[in-house]
Amino acid sequence: MKRVWVLFKSEFKVWRHDPITAFGGILPPAFILIAFALLFGGRLSFKVAVVNLDQGTLGGVLRQSFDQVISPLSNAPYYLAQDMNLNEAMGAYERYQVEGIWVIPPDFTDSVVSGEKPALEMYFFNYNDDRAKNHRIYSAEILWHFYKQIGYPEPPLEIAEQYPLPVMVDWVPVIAVGVALLSVCLGSIFNIYALTYKEQISHMTLEFGLAPRSLAWVLIPKVVLALIFGLVSGSLFLIVIDLWIGFWPGDYIWGFWLLSGLTALFWIGLAIVAGLRSRNYMAGAIAIVLTAIIVFFIGGGLGLIRYHAEDVQWYSWLFPNTHAIDPIRDLVLFNTWPVDWNATLAKLIGFAVLSLFFGMTLTARWLRRLD
Amino acid sequence: MKRFTLLLKNEFKLFRTTIPVHLIGIFQPALMFSLMALVLVTPTFDMQVARSGDPLGDDLIRAMEQVGSPIGQPYINPILVESFPGQEIQGGQLIEFIWQAERPTALQRFGLIDSNMVKNFRNRLTAAALLLWNESLGDKAVVIEEAPWLPRDIPYSVYFGMAMMPLAANLAASLIGAYLSAQEFEFKTIIEYRLSPVSMYQVTGARLLRLALTGLLSGLVLMVVIGITTGIWPVSAGWVVLILFCVALIGGCIGTLAGLYFQKVLPAFLVGLALSFFTWIMGSAFGLAAGFSGPYEAVSRFMPNTYAVELLFPLYYQVNIGSRLPAILILTFACLLFILATLITYWRKVLVVRK
């Protein structure tokens, strides 16, 4: 035990020499979180120009609908409508200062009142089919509200909604939890590399190969320290999320540490193989860090996956992050115990054990090979 | 010039000593696009509808099947399911046909509270219910005459891939630049540069040119992957090369600056990585910057990727958004600024001898 403690203390000193790498789990996730908060945290209303040429009153009622119909996303209107004349609107559209134009014709009120096929023109950008889709389905929300406002006959089918919880969660908190898990993983990966770098530079791997005792004495302190720093990085992220967005796991923090820690152990097992092989040291570091970032994107980092698991590709399920992310969101965002806790725990333990076993066995075999 | 050519050749020979690093730097963005393109949002959503004996329920299903783009994909794939009390909601939501306040109602029961998904499901149901309403109104129904910008809706993966090309160019140049520059300090080979009579302009120029070409290669690999997977190619490969070269040059400068400052491989790599992803996400990665919030657009104006995407856009979509000249000037200015910063830092960190 004393030997482990000595090694533990000696490894600990590495951080003093390279604090930036020790916080490798902080810098890239922080940049990613800030970028996504700016991207999806602001008002996501579509900027459109409304050209109201109507000589009656209903064009104005329609215009008001743009400000009155509220999207659940960021609780703002679907459209950020700006009144313009046709020339201004076309100019802004061509310069992409607005995403679309609604033209309400001069006879709009007359044709609505007389029931003579009232029509509107909607210009919109369709450079990507997702935004084009939004233009089309947002317009349905506007017309629905407009019909209700002008007292049209009741629709043949009303619509109503029912939610499982009284609160709604926006995009940024969902992404922020994904980033917290990424932080734990990257923190662990970078620390494994920081803890093996000294051996690479001073060619100490040969001494490891000649060591009379089991290499587990060398590897276990590195694994434990990397895991601790990964968890510290992730916990710092949780504090940021709490202060910034207002979500904190409370008593469930142990659940967060357990699930994210097991996920990190999977990555540590992969990283340690490259970390102690000098020939592929940096290539391994780059490959594993980039893979972890890719897994963040394809493994539910940007959205809940439990409800459309069928859209998740098979390769995403090969990484523990995909299994862990929604249960972690349950703990952090909703302060509830995940319904699939036991199954998730079993899978993550399996990933961690397999990765560490093969990672450490391969590393030990390569270190022992002295040719 | 001969000396510069020799330096450049030497830079490229370094490739042999770090083949895995180069291969990963060059090909990883293309791999990332290939994997991410398969999980990108698609307009068609599966929506579960509880089976009902009422004819209105059948009408709703028919209307749901009609909601979609006339020049693209359908937006709803209705899936009929049996419903029962206490049922767990699969797929995010379940639409049940009920009577509420003596009115027939489509009750959308959500199994989630993710505001973006709620919005998406809600909008689709409203669009289907509006179709029924319009049918019942006959000539009183308001018709929206669509005038889309392009003759067909372009899949999101095309834009996403195009906006990822500057990331590919930047990331490869930045990571390899950080690695090579920091290694010079770790292996003490920086002393040779320090003692060399060759001007710093030639040494730095050869390094940056080689990094820019490496980044450019990564961007072009991604261009080929996008072309193969989507069938859409830029109208001018020459312009693509010029634009990506500029971005790669900036990436090479960022990597070299990180290496010169930190003089250790891992922190230099870390900084290069973080900045590459930040400039990508902030540089119109998920849509043209002007289409997002004011603060996002304001920050994105400081990202070279934003201008690169604006210049790549007409090459892929064959339509202009405003004038290209400001983007060309800003990108050129950014290149010159980063080269200057790299030269000054090289002079301070390598040539100035500290006592």
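Helices here are DSSP runs of H or I at least four residues long, strands are runs of E at least two long, and both are numbered from the N terminus. Keep that in mind for the tour. What you have above is a predicted model, so local features need pLDDT of at least 70 and side-chain atom pairs count only at pLDDT 80 or more, while totals for chains, interfaces and linings use all residues. Residues are numbered from 1 along each chain as its sequence is written, chains are lettered from A and ligands numbered from 1 in the order in which they are written, and side-chain values use heavy atoms, with hydrogens and water left out.

Let's start with chain A. Its secondary structure comes to 15 helices and five strands. Its radius of gyration, taken over C-alpha atoms, is 28 Å, and the yardstick here is a globule rule of 2.2 Å times the number of residues to the power 0.38. For a compact globule of 371 residues that would be near 21 Å. Along the principal axes, the C-alpha atoms of chain A fill a box of roughly 95 × 40 × 35 Å. Buried residues make up 60% of the chain, where buried means under 20% relative accessible area, exposed means over 50%, and partly exposed is in between (1.4 Å probe, protein chains only).

Chain B has 12 helices and five strands. Its radius of gyration is 27 Å, well over the 20 Å that the globule rule gives for 355 residues, so chain B is more spread out than a compact globule. Its C-alpha trace spans about 90 × 45 × 35 Å along the principal axes. Of its 355 residues, 58% are buried. Contact means heavy atoms within 4.5 Å; among contacts in chain B between residues at least 6 apart in sequence, 76% join residues at least 24 apart. For chain A, the matching share is 78%.

Now for the aromatic rings. A pair of them is described by the distance of the centres and the angle of the planes. Rings of Phe, Tyr and Trp (its six-membered ring) pair if their centres lie within 6.5 Å; planes under 30 degrees apart count as stacked, over 60 as edge-to-face and the rest as tilted. Over all chains, the structure holds 49 aromatic pairs. Take A:Y127 and B:Y159: their ring centres are 5.2 Å apart and their planes at 55 degrees, so this pair is tilted. The pair crosses between chains, with A:Y127 in the loop between β4 (119-124) and α8 (129-149) of chain A and B:Y159 in helix α5 (residues 156-186) of chain B. Both A:Y127 and B:Y159 are buried.

A second pair sits within chain B. The rings of B:F277 and B:W280 have centres 6.0 Å apart and planes at 80 degrees, so they are edge-to-face. Why are these two separated by about one helical turn? Because B:F277 and B:W280 are three residues apart in helix α9 (residues 265-282) of chain B. B:F277 counts as buried at 2% relative accessibility, and B:W280 is buried too, at 0%. Both belong to a cluster linked by ring pairs, whose members include A:F36, A:W171, B:Y156 and B:F160.

Those last two names lead to B:L40, which touches B:Y156, B:S157 and B:F160, not counting residues up to four places away in sequence. You'll find B:L40 in the loop between α2 (19-37) and β1 (45-50) of chain B, buried with a relative accessible area of 14%.

Over in helix α7 (residues 200-230) of chain B is B:R207. This arginine is buried, with a relative accessible area of 8%. Leaving aside neighbours within four places in sequence, its contacts include B:E11, B:E184, B:Y193 and B:T256.

Finally, a look at the backbone. Most residues other than glycine have a negative phi. B:S284, however, has a positive phi of about 65 degrees although it is not a glycine. B:S284 is found in the loop between α9 and α10 (294-300) of chain B. B:Q318 has a positive phi as well, of about 55 degrees, and lies in the loop between α11 (304-317) and α12 (325-351). Which of the two words, buried or exposed, fits B:Q318? At 57% relative accessibility, B:Q318 counts as exposed, whereas B:S284 is buried at 1%.
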